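This report introduces a single protein chain to a reader who has not met it before. Please keep the sequence and the model in view while reading.

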Amino acid sequence: EQLDQTQFDLLTGMQTAFQTTRENEDPNGTLGSSLVILVTADTLRTNHDSLQQMAHVNAVAGVPTSVISVNNSVSTQQIDQIILAGQGHRRILNSISDADAIAQRELNDVSRAVARAIRLNIRLAAGVKLINVIGSKRLDDRRSDQLREAERSIDHRMSRNLGIEADRGKDDDGIQMIIPSYYAGDDHVFLLDLVVENAGPIADVTLKYKDLVFLNNGVTRTHLSLGRVAKPQGPLQFNVWKNMLAVKFANIAKQAAQELHHRPDYTYQILHEHMQLLK
């Protein structure tokens, strides 16, 4: 029997999944209780832009997108852009025996969310210069607009469903970062490379979030400053150094993976050299 190939087209399949999910989605339900999961061994390069736009549109409508990769050929960069737009998760299936655990974790994550629409704002003091937000890149206008739209969507849904006052509108001054969801037990690290010429204030930091525990708008503030007298290095400094090494080693591991099949000796060399940093 001749089969209709459109049944197996990835974009058609995703469109059907989103349409079916949105038709059955409860607009008053908990954010994340409706979900589309893409399980793929494809590189996603061909359909990446369309999938990213599709994921964004449906996340704004209340249906997040998660991606489960079933082999190492899938580009994590492509996946990360899709799940960022879709407010979902990236999972790696290394063995068929892990399938049940990964599926259960994905389906249960909605119950672990303790905050939504987290907005981190950093205002640097006069004279402090930002060199880089390590491991990040500045969003273009299109992606910035998408992020604002997603934040407002969460804001309005939390107001409608949970009675948490809508309070998001214009951007704040300074460096701004948005995290759609925060789950119990998660850690988020932001590393800023700064030039500070003199002792004194460095930055004012504000964190706004939709608190799902107390059902209100939470706000946390702190101030960072540099003293005139150098202090001995302690746990805080060690934690910064540890995270810097993690970013550096992740980049090296990615480079090594790309060179593995072409230059295995070179791959071994760069991994061996950088393993010394972990000792």
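In this predicted model, the side chains of Arg119 and Asp172 form a salt bridge, with a distance of 3.1 Å from N to O. Arg119 belongs to strand 4, while Asp172 sits in the loop between helix 5 and strand 6, so the pair ties together parts that are 53 residues apart in sequence. Arg119 has a relative accessible area of 2% and is therefore buried, the limit being under 20%. Asp172, at 23% relative accessibility, counts as partly exposed.

**The salt-bridge network**

Asp172 also meets the side chain of Lys208 in a salt bridge, at 3.6 Å from N to O. This pair links distant parts of the chain, since Asp172 is in the loop between helix 5 and strand 6 and Lys208 is in strand 8, 36 residues apart. Lys208 is partly exposed, with a relative accessible area of 25%. A salt bridge likewise joins the side chains of Arg119 and Glu151, at 2.8 Å from N to O. Here strand 4 holds Arg119 and helix 5 holds Glu151, so parts 32 residues apart in sequence are tied together. Both residues of this pair, Arg119 and Glu151, are buried.

Side chains of opposite charge can pair when their charged atoms come close. The three pairs described above are set out below.

| Salt bridge | Distance, N to O | Separation in sequence |
|---|---|---|
| Arg119 and Glu151 | 2.8 Å | 32 residues |
| Arg119 and Asp172 | 3.1 Å | 53 residues |
| Asp172 and Lys208 | 3.6 Å | 36 residues |

Through shared partners, salt bridges join Arg119, Glu151, Asp155, Asp167, Arg168, Asp172, Lys208 and Lys210 into one network. The count of salt bridges in the structure comes to 14.

**The chain as a whole**

The secondary structure of the chain consists of 7 helices and 9 strands. Its C-alpha trace spans about 80 × 60 × 35 Å along the principal axes. The chain has 279 residues, of which 34% count as buried. One pair of residues gives a sense of distance within the model: Leu207 and Ser97 are 110 residues apart in sequence and 40 Å apart in space, from C-alpha to C-alpha. Leu207 is found in strand 8 and is partly exposed, with a relative accessible area of 28%.

**The cavity and Gln87**

The structure holds 1 cavity of 30 Å³ or more, and the volume of the largest cavity is about 30 Å³. Its lining is made up of Gln87, Leu147, Ala150, Glu151, Ile154, Ile178 and Pro180. Glu151 thus appears both in this lining and in the salt bridge with Arg119. Helix 5 and strand 6 each supply at least two residues of the lining, and the largest share, 4 residues, comes from helix 5. By class, the lining divides into 5 nonpolar, 1 polar and 1 charged residue.

Gln87, one of the lining residues, is placed in the loop between helix 3 and strand 3. Gln87 is buried, with a relative accessible area of 14%. Although Gln87 is not a glycine, its phi is positive, at about 55°. Leu215 also has a positive phi of about 55° without being a glycine. The loop between strand 8 and strand 9 contains Leu215, which counts as partly exposed at 42% relative accessibility.

**The second largest pocket**

The second largest pocket encloses about 1700 Å³ of space. Its lining comprises 44 residues, and Phe190, Leu191, Leu224, Leu236 and Val240 lie nearest its centre. Two or more lining residues come from each of strand 4, strand 6, strand 7, strand 8, strand 9 and helix 6. Helix 6 gives the most, with 8 residues. The lining has 29 nonpolar, 10 polar and 5 charged residues.

**A nonpolar patch on the surface**

Ile37, Val39, Val70 and Leu107 form a nonpolar patch on the surface, and together they have about 310 Å² of accessible area. Of these residues, Val70 is located in the loop between strand 2 and helix 3. Val70 is partly exposed, with a relative accessible area of 32%.

Terms used:
Residues are numbered from 1 along each chain as its sequence is written. This is a predicted model: local features need pLDDT of at least 70, side-chain atom pairs count only at pLDDT 80 or more; totals for chains, interfaces and linings use all residues. Side-chain values use heavy atoms; hydrogens and water are left out. Patches are made of residues with over 30% relative accessible area and no salt bridge: like charges are joined within 9 Å, nonpolar side chains (Val, Leu, Ile, Met, Phe, Trp, Tyr) within 5 Å. Accessible areas come from the Shrake-Rupley method with a 1.4 Å probe; for residues, only the protein chains shown count as cover. A salt bridge is a side-chain nitrogen of Lys or Arg within 4 Å of a carboxyl oxygen of Asp or Glu. Buried means under 20% relative accessible area, exposed over 50%, partly exposed in between (1.4 Å probe, protein chains only). On a 1 Å grid over the protein atoms alone, a cavity is a set of points where a 1.4 Å probe fits but cannot get out, and a pocket is an open set with protein on both sides within 12 Å along at least five of seven lines; lining residues have an atom within 4 Å of a point. Grid points are joined across faces, edges and corners, and a volume is the space filled by probe spheres set on the points. Ala, Val, Leu, Ile, Met, Phe, Trp, Tyr, Cys and Pro count as nonpolar, Asp, Glu, Lys and Arg as charged, and the others, Gly among them, as polar.
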